[in-house]
Every structure is written in C-alpha cells, then in structure tokens.
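Colleague: Could you take me through one part of this model up close? Pick the piece you find most useful to look at, and tell me what packs around it and what sits at its edges.

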Amino acid sequence: MNRKRYKYIHRLVEKITTSPSNNMEFNCYGHLVHLESETDCYVSVAVYHTTDRYSGELADFSFDYWTHELYVEYAEDERLFDAIVRAFRDIYAGSGFSVSSYED
C-alpha cells in the first residue's frame, strides 16, 4: 500500500503564517495553495491535489491569528488532519492554541 506523505505540511503552514498577504495563490511542493481573508487576523486556506484547482481539494482550513483557533473544514484523511494540527501546534505552542473541525 502506497501511503501519502505529508512532510511538506509543516513548511507549508510556516509559509502561510508568514506570508505578506492573506489574499494570494502560490504553488508549494506541487500543490496550489489559495489564501483568502478580508482581515489581517484571519486566513482561509485551500490546498489542492496539484497545481490545478480543478484537481480537487486536499485540505480546507482556516486560522484566527488573534484567538489562535484552527478550524479544519476538510482534510482528505486523518493523517493529513494530524499533520496540519501538529504544524500549527508547533508554531503556536504555549499561546492558547485550539482546534475544531467538521467532526466536532
């Protein structure tokens, strides 16, 4: 069985949280990443399977920079969900980090 690897997720989350804008698209590790927000304190992220948005979503999540709340709307599997949470937890450890998801 060929299991997908999500080692790039930590670097992707670092890039998202340090990006100069919350309204942009970029390619990262062979995936199109779309950031969208109307404020500086919140970002909504869609990560696609490939650099083509019509390839389907790999993950869809949002993060509130003020409350440090991560909301995972969709992740293609539990391993990806865990990788996203772990990446944010590593960056925002000790600052009241919380997670909610579509399953809550």
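Modeller: Sure, and one bit of bookkeeping before we zoom in: Lys and Arg count as positive and Asp and Glu as negative, while His and the chain ends stay out of the tally. On that basis the protein carries 10 positive and 18 negative side chains, and the centres of the two sets lie 13 Å apart. Keep in mind that this is a predicted model.

Now the setting. There are two helices and six strands, and along the sequence they come in the order α-β-β-β-β-β-α-β. The radius of gyration is 13 Å, close to the 13 Å that the globule rule gives for 104 residues, so the protein is as compact as a globular protein of that length. Its C-alpha atoms fill a box of roughly 40 × 30 × 25 Å along the principal axes. Of the 104 residues, 42% count as buried. The accessible surface comes to about 6,200 Å², with 48% of that belonging to carbon and sulfur atoms. As for contacts with a separation of 6 or more, 35% of them involve residues 24 or more positions apart.

The part I'd pick is helix 2, residues 78–91. At 1.5 Å a residue, its 14 residues should span 20 Å, and the end C-alpha atoms are indeed 20 Å apart, so the two figures agree. Which of its residues are buried? Those are Leu80, Phe81, Ala83, Ile84, Val85, Ala87 and Phe88. When you scan that list, it helps to recall that an α-helix has 3.6 residues a turn, so residues three or four places apart point the same way. You can see such spacing between Leu80 and Ile84, or between Ile84 and Phe88, all of them on the buried list. And what do these buried residues pack against? Their partners are helix 1 (9–17), strand 4 (57–64), strand 5 (69–75) and strand 6 (98–101).

Follow the chain out of helix 2 and you come to Tyr92, in the loop that leads to strand 6. Despite the loop setting, Tyr92 is buried, with a relative accessible area of 14%. Leaving out residues up to four places away in sequence, Tyr92 touches Thr17, Phe63, Tyr65, His68 and Phe97. One of those, His68, is 24 residues from Tyr92 along the chain, yet their C-alpha atoms are separated by 7.4 Å.

His68 deserves a look of its own. It lies in the loop between strand 4 and strand 5, two of the strands that helix 2 packs against. At 14% relative accessibility, His68 counts as buried. Its phi is near 55°, positive in a residue that isn't glycine. For context, most residues other than glycine have a negative phi. Tyr29 shows a positive phi too, of about 55°; you'll find Tyr29 in the loop between strand 1 (24–28) and strand 2 (31–36). Tyr29 is partly exposed, at a relative accessible area of 47%, whereas His68 is buried.

Strand 4 itself is worth a stop, and Ser62 sits in it. At 9% relative accessibility, Ser62 counts as buried. Beyond its neighbours within four places in sequence, Ser62 is in contact with Tyr42, Val43, Ser44, Glu69, Leu70 and Tyr71. The C-alpha atoms of Ser62 and Val47, 15 residues apart along the chain, are 11 Å apart.

For a contrast, step over to Asp40, in the loop between strand 2 and strand 3 (42–48). Is it buried or exposed? Asp40 is exposed, at 75% relative accessibility. Outside its neighbours within four places in sequence, Asp40 is in contact with Asn22 and Tyr65, and Tyr65 is also among the residues that Tyr92 touches. The C-alpha atoms of Asp40 and Trp66, 26 residues apart along the chain, are separated by 9.6 Å.

How values were computed: Residues are numbered from 1 along each chain as its sequence is written. This is a predicted model: local features need pLDDT of at least 70, side-chain atom pairs count only at pLDDT 80 or more; totals for chains, interfaces and linings use all residues. Side-chain values use heavy atoms; hydrogens and water are left out. Helices (H or I, at least four residues) and strands (E, at least two) are DSSP runs, numbered from the N terminus. The radius of gyration is taken over C-alpha atoms; the globule rule is 2.2 Å times the number of residues to the power 0.38. Buried means under 20% relative accessible area, exposed over 50%, partly exposed in between (1.4 Å probe, protein chains only). Contact means heavy atoms within 4.5 Å. Accessible areas come from the Shrake-Rupley method with a 1.4 Å probe; for residues, only the protein chains shown count as cover. The place of a charge is taken as NZ of Lys, CZ of Arg, CG of Asp or CD of Glu. The expected span of a helix is 1.5 Å times one less than its number of residues.
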